[in-house]
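Q: I have a sequence and a model open side by side, and I would like to learn how to read them together. Could we go through some features step by step?

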Amino acid sequence: MNVVIINGSPRANGTCARLTADLQREHVQTGHSVDVFSVARDHFRPCGGCQRCVQTKVCGITDDDIGRLFAALDAADELHWVAPVYFGAIPAQLKAVIDRMMVIWSRQGGIAADRSRRAFAHLTAASDDPYTDAMLVPLRYASNTLGFTLQVP
Ligand SMILES: Cc1cc2nc3c(=O)[nH]c(=O)nc-3n(C[C@H](O)[C@H](O)[C@H](O)COP(=O)(O)O)c2cc1C
């Protein structure tokens, strides 16, 4: 199985990085192939909001790692989001990656018809934070756009 892990923490060596390394190790040990992407280590430019992709079905931003991420997601059987809570939301850097998925949404005319692949969210917080529900909304929307369904316990 091909697994993609997206670490959405801007802190390169924090809690999410450790969680990502644990997830990667577990999957590799059980014979899976794992691609890890990190908003702290990889280069993802934000969507400029031009909306040209709605017409052209291509994104004008090509000088970053989004193409590599999209290729890995195409080939993935399973997706893992790792993210810290930032004031009840996902970090802006992760939201910026999700916003770049507008070109995929545009090509499909919406979320993917086949959403049979599984996605998982691994969220971290400093405390037993009661305000994390909204974090799942963009993760669910992005997962559905990419052809995955977020598994909710
Ligand atoms: C800007 C910012 C906002 C945060 N907001 C919250 C929050 O609302 N609730 C919470 O429990 N922790 C909050 N935290 C703490 C982080 O979610 C927590 O320490 C997380 O494990 C950090 O992961 P990292 O080490 O991968 O960056 C915040 C941290 C930062 C830097």
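Q: Among contacts in the protein chain between residues at least 6 apart in sequence, what percentage join residues at least 24 apart?
A: The general idea is to ask how far apart in sequence two touching residues are. In this model, which is predicted, 80% of the contacts between residues at least 6 apart join residues that are at least 24 apart.

Q: How many helices and strands does the protein chain have, and in which order do they run?
A: One counts the elements and then follows them along the chain. Here there are 6 helices and 5 strands, and from the N terminus the order is β-α-β-α-α-β-α-α-β-α-β.

Q: What radius of gyration does the protein chain have, and what would a compact globule have?
A: A value for the chain is set beside the value expected from its length. With 153 residues, a compact globule would have a radius of gyration near 15 Å, and the protein chain has 15 Å, which agrees. Along the principal axes, the C-alpha atoms fill a box of roughly 45 × 35 × 30 Å, and 29% of the 153 residues are buried.

Q: Which residues of helix 3 are buried, and where do they lie as seen down the helix axis?
A: An α-helix has 3.6 residues a turn, so residues three or four places apart point the same way. In helix 3 the buried residues are I66, A72 and L73. Seen down the axis, these buried residues fall within an arc of 125 degrees, so they line one face of helix 3. They pack against strand 1, strand 2, strand 3 and helix 6, whereas the face turned away from the buried side carries the exposed residues G67, A71, D74 and A75.

Q: Where in the chain is Q51, and is Q51 buried or exposed?
A: For a single residue, one can combine its backbone angle, its place and its surroundings. Q51 is not a glycine, yet its phi is positive, near 65 degrees, and Q51 sits in the loop between strand 2 and helix 2. Because Q51 has 11 other C-beta atoms within 10 Å, this residue is exposed. K57, also not a glycine, has a positive phi of about 65 degrees and is found in the loop between helix 2 and helix 3. K57 counts as exposed too, with 12 C-beta neighbours inside 10 Å.

Q: How many residues surround the ligand, and which are the closest?
A: One lists the shell and then sorts it by character. The ligand is surrounded by 15 residues, and the closest are S9, G14, C16, P84 and A125. The shell divides into 7 nonpolar, 6 polar and 2 charged residues.

Definitions and conventions
Residues are numbered from 1 along each chain as its sequence is written. This is a predicted model: local features need pLDDT of at least 70, side-chain atom pairs count only at pLDDT 80 or more; totals for chains, interfaces and linings use all residues. Helices (H or I, at least four residues) and strands (E, at least two) are DSSP runs, numbered from the N terminus. The radius of gyration is taken over C-alpha atoms; the globule rule is 2.2 Å times the number of residues to the power 0.38. A residue is buried if 20 or more other C-beta atoms lie within 10 Å of its own, exposed if 12 or fewer, and partly exposed in between; C-beta atoms are placed from the backbone. Two residues are in contact if their C-beta atoms, placed from the backbone, lie within 7 Å. A residue is near a molecule or strand if its C-beta atom, placed from the backbone, lies within 6 Å of it. Ala, Val, Leu, Ile, Met, Phe, Trp, Tyr, Cys and Pro count as nonpolar, Asp, Glu, Lys and Arg as charged, and the others, Gly among them, as polar. The arc is that of the directions from the helix axis to the C-beta atoms.
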